[in-house]
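Welcome! Let us take a walk through a protein together, one piece at a time. Keep the sequence and the 3D view open as you read.

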Amino acid sequence: MKRDFQQGNVAVITGASAGIGLEVARQLARQGARLVLAARDPALLERAAAECRGLGASAIAVPTDVSHRSQCEHLIDRAIQEFGRLDTLVNNAGISMHARFDELDDLEAVDRITAINYLGSVYCTFYALPHLKRTRGRIVAISSLTGLVGVPTRTIYAATKHAMAGFFDSLRIELKRDGVSVTVIYPGFVATDIAERAIGPGGKVLGRRPVAKHAAMPVEECARRTLEAAGGRKREVIMTGRARLGLILKAIVPAAVDRMSERAIQRGR
Ligand SMILES: NC(=O)c1ccc[n+]([C@@H]2O[C@H](COP(=O)([O-])OP(=O)(O)OC[C@H]3O[C@@H](n4cnc5c(N)ncnc54)[C@H](OP(=O)(O)O)[C@@H]3O)[C@@H](O)[C@H]2O)c1
């Protein structure tokens, strides 16, 4: 991580009880950050906080459902109460969807994914912003490659990730004079359990992994590159070479990128 990320920095991480968020918390803990961890399951979250304390960090668990505005406000209030400042907000909490749009029975999943992935990030950022302006802090947003291109069976998920990109890219410009940086991360497949928890056909939790875990990026690498980019106040990270190529092709032969996207989902990698 760049030296710019100083020891003792206070970071709020959403979705910190598992996957990428938990690994970001571990890596920040090793750097001596002070951590405020958020997710819904209180037991798992407390376990994550205890692990971070074991790595030498100060860490508190604040059970939070980011789809509720009042809980996001409480999360940021608790961070300020505990540590008196806020340097970094990592908007990471998210759920996925693995179903064609015409396989949904109703619109409940649409509301749920939108409220967690997109609105949850906006709510946390809203309440954190005055504090981040004071410290000339950092905002990190974990989008996805589905935030850059269309992906079949991910319609609503991709829409929330496109929405995150639109919000955070715009906010970055607004915050230039305030010295608050905005780093948007676009991972491809990362080896976490997100697919098992994804919403499947009929709006039910999938409970299985249609993605080849061995072909996914290790979570440690994803977290490390995320923190390096945030430390260096980079605007974005597109995490795979295939995605960077896809974006160039999208401007020239967009239908070819549609085919690449369809094939990636069929192969699970
Ligand atoms: N893994 C990938 O392949 C991949 C690729 C691209 C982008 N991403 C993005 O990376 C982020 C993290 O994904 P992951 O793979 O690490 O997922 P994960 O392993 O399923 O972890 C998700 C985390 O988010 C929390 N969470 C879920 N709903 C929440 C809510 N309403 N409020 C607060 N916390 C909530 C979960 O805890 P609780 O359930 O206890 O709340 C958990 O801590 C997501 O935004 C995802 O879209 C992942």
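Our starting point is Arg136, which sits in the loop between α4 (108-135) and β5 (138-142). Please remember as you explore that this is a predicted model.

**Two residues with positive phi**

What is the sign of phi at Arg136? Arg136 has a positive phi of about 50°, although it is not a glycine. Arg136 counts as partly exposed because its relative accessible area is 48%, and partly exposed covers the range between under 20% (buried) and over 50% (exposed).

Now look for Thr153, in the loop between β5 and α5. Thr153 is also not a glycine, and its phi is a positive value near 70°. With a relative accessible area of 22%, Thr153 is partly exposed.

**Strand β4 and its partners**

Next, find strand β4, residues 88-91. Thr88 and Val90 point one way from this strand, while Leu89 and Asn91 point the other way. Are these four residues buried or exposed? They are all buried.

Strand β4 pairs with strand β1 (residues 10-14): the two run parallel and are joined by 3 bridges. In this pairing, Val12 has Leu89 of β4 as its bridge partner. Strand β4 also runs parallel to β5, and 4 bridges join them. Here Leu89 stands opposite Ile139 in β5. To get from β4 to β5, the chain passes through α4, and this β-α-β crossover is right-handed.

**Another right-handed unit**

Turn to strand β2 (residues 34-38) and strand β3 (residues 58-61), which run parallel and are joined by 4 bridges. Which residue of β3 is the bridge partner of Val36? The partner is Ile60. Together with helix α2 (residues 42-54), strands β2 and β3 make a right-handed β-α-β unit.

From here, jump along the chain to Ile238, which has its place in strand β7 (residues 236-238). Ile238 counts as buried because its relative accessibility is 13%, and the cut-off for buried is under 20%. Ile238 and Arg34 are 204 residues apart along the chain, and their C-alpha atoms are separated by 28 Å.

**Around the ligand**

Finally, zoom in on the ligand. There are 29 residues around the ligand, and Ser17, Arg40, Asn92, Tyr157 and Thr192 come nearest. The residues of this shell divide into 14 nonpolar, 10 polar and 5 charged. Helices contribute too: α1 (19-30) and α5 (155-174) each supply at least two residues of the shell.

The table below lists some distances from an oxygen atom of the ligand to the protein.

| Residue | Protein atom | Distance from a ligand oxygen atom |
|---|---|---|
| Ala18 | polar backbone atom | 3.4 Å |
| Thr192 | N or O atom in the side chain | 2.5 Å |
| Arg197 | N or O atom in the side chain | 2.9 Å |

How much of the ligand's accessible area does the protein cover? On its own the ligand has 880 Å² of accessible area, and the protein covers 95% of it. Thr192 appears in two places in this section: among the residues that come nearest to the ligand, and in the table with its side chain 2.5 Å from a ligand oxygen atom.

Definitions and conventions: Residues are numbered from 1 along each chain as its sequence is written. This is a predicted model: local features need pLDDT of at least 70, side-chain atom pairs count only at pLDDT 80 or more; totals for chains, interfaces and linings use all residues. Side-chain values use heavy atoms; hydrogens and water are left out. A residue is near a molecule or strand if one of its heavy atoms lies within 4 Å of it. A polar contact is a pair of N or O atoms within 3.5 Å; within protein, one must be able to donate a hydrogen and the other to accept it, and residues adjacent in sequence count only if both atoms are side-chain atoms. Accessible areas come from the Shrake-Rupley method with a 1.4 Å probe; for residues, only the protein chains shown count as cover. Ala, Val, Leu, Ile, Met, Phe, Trp, Tyr, Cys and Pro count as nonpolar, Asp, Glu, Lys and Arg as charged, and the others, Gly among them, as polar. Two strands pair if DSSP finds at least two bridges between them. A crossover is right-handed if, with the strands pointing away from the viewer, the path from the first strand over the helix to the second runs clockwise. Buried means under 20% relative accessible area, exposed over 50%, partly exposed in between (1.4 Å probe, protein chains only).
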